[in-house]
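Take a moment to turn the model around on your screen before reading on. We'll start with a pocket, then move on to charges, strands and hidden spaces.

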Amino acid sequence: MRNSHIRDAAALAEFWAWLEAEILKSVIITEVEVADKLLEFRSKQDGFMDTSFDTISASGSNGAVIHYKPEPGSCSVVDAKKLFLLDSGAQYIDGTTDITRTVHFGEPTAREKECFTRVLQGHIALDQAVFPENTPGFVLDAFARRSLWKIGLDYRHGTGHGVGAALNVHEGPQSISFRFGNMTPLQKGMIVSNEPGYYEDHAFGIRIENLLCVREIDTPNRFGGIGYLGFEKLTFVPIQGKMVDFSLMSAAEVDWLNDYHEQVWQKVSPSVGASARQWLWENTRPVPRQ
């Protein structure tokens, strides 16, 4: 499973390097053409079988439609002056991937940056969560919403779903959701998505998604003799730095982002060509604390 995510990350690095170069050359590219090109890059990876779901390639206001699907003849052109949301995944013989990134090819507004940063803060909070054994996923959902809630924002979907290993991309029984009915505890080895978002109707959508594997955590205490769990990251693709308002970020959150990008560079850069390697270098450089 881990190896499939590294190969998938290599395909995505090649893809993002290509797309950014095309947009900067003012090449007109539709949302469907973006999805087709991503499939082309993924299909070159060892063990690739198919996409794990229909790619959500959404420019501008289309990103505010949570399950948007671009259609030939009616889809939008990717607009360099608007946010672009890409939610996609693949089936490999050794694993299933699901990743969302939101980027801007020009200059994001202050509003877009604040919303993106608060989504990122929620993503980080869930990624770093440590919790007792037998905890159901809904208990963790508020971790991902806390920063948005502080300014009266929220999103209408769950924060995480189960993912199979070369199986279903949406697989139960586990989930991380505001819906209290699912009492299934998260257990070691389960895979879940971490995908908080924010959607401004008729304007833009933001989502940041990685897959996580539940793992044991060695805590200094074991109250009541109970073990504790946390998460291991499986997804390694850069999170766009220019979308982040670092004045809102704590030092610990900046450290998380820098550490994540260092892992991305170390794990993925050996597997890509020159242009993708340059793109990775530019998008994984450490940022200073404010």
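Which residues line the second largest pocket? They are Val32, Ala35, Asp36, Leu39, Thr51, Phe53, Asp54, Thr55, Lys69 and Pro70. Before we go further, a word on what you're looking at: this is a predicted model, where local features need pLDDT of at least 70, side-chain atom pairs count only at pLDDT 80 or more, and totals for chains, interfaces and linings use all residues. Residues are numbered from 1 along each chain as its sequence is written, and side-chain values use heavy atoms, with hydrogens and water left out.

Back to that pocket. Rolling a probe the size of a water molecule over the atoms shows where empty space is left. Here the search runs on a 1 Å grid over the protein atoms alone: a pocket is an open set of points with protein on both sides within 12 Å along at least five of seven lines, a cavity is a set of points where a 1.4 Å probe fits but cannot get out, and lining residues have an atom within 4 Å of a point. Points are joined across faces, edges and corners, and the volume is the space filled by probe spheres set on them. On that basis, the second largest pocket has a volume of about 200 Å³. Helix 2 gives the most to its lining, with 4 residues (helices, H or I with at least four residues, and strands, E with at least two, are DSSP runs numbered from the N terminus). Sorted by class, the lining of this pocket has 5 nonpolar, 2 polar and 3 charged residues. For that sorting, Ala, Val, Leu, Ile, Met, Phe, Trp, Tyr, Cys and Pro count as nonpolar, Asp, Glu, Lys and Arg as charged, and the others, Gly among them, as polar.

Now find the largest pocket, which holds about 330 Å³ of space. Of the 19 residues that line it, His67, Asp87, His161, His170 and Glu195 are the closest to its centre. The lining of the largest pocket divides into 3 nonpolar, 9 polar and 7 charged residues.

Keep an eye on Asp87 and Glu195, as they turn up again in our next topic. Side chains of opposite charge can pair when their charged atoms come close. We call it a salt bridge when a side-chain nitrogen of Lys or Arg is within 4 Å of a carboxyl oxygen of Asp or Glu, and the structure holds 16 of them. Asp87 meets Arg207 in one such bridge, at 2.9 Å from N to O. That pair links distant parts of the chain, with Asp87 in strand 3 and Arg207 in strand 12, 120 residues apart. Arg207 also meets Glu195, at 3.7 Å, and Glu195 sits in the loop between strand 10 and strand 11. Put together, Asp87, Glu195 and Arg207 are linked in a network of salt bridges. Asp87 and Arg207 are both buried, and Glu195 is buried as well (buried means under 20% relative accessible area, exposed over 50%, partly exposed in between, with a 1.4 Å probe and protein chains only).

Another salt bridge joins Asp8 and Arg42, at 2.6 Å from N to O. Asp8 lies in helix 1 and Arg42 in helix 2, so the pair ties together parts that are 34 residues apart in sequence. Asp8 and Arg42 are buried too.

What about the strands? Strand 3, the home of Asp87, runs antiparallel to strand 2, and 4 bridges join them. Ser57 has Leu86 in strand 3 as its bridge partner. In strand 2, Ile56 and Ala58 point one way while Ser57 and Ser59 point the other, and all are buried.

Elsewhere, 4 strands form an open antiparallel sheet in the order 7-14-13-10 (two strands pair if DSSP finds at least two bridges between them). Strands 7 and 10 stand at the edges with a single partner strand each, so one side of each is left without a neighbour in the sheet. Strands 13 and 14 are joined by 6 bridges, and Ile217 stands opposite Tyr228 in strand 14.

Finally, look inside. There are 4 cavities of 30 Å³ or more, and the largest has a volume of about 130 Å³. Of its 13 lining residues, Val103, Pro238, Gln240, Trp279 and Asn283 are the closest to its centre. Strand 6 gives the most to this lining, with 3 residues.
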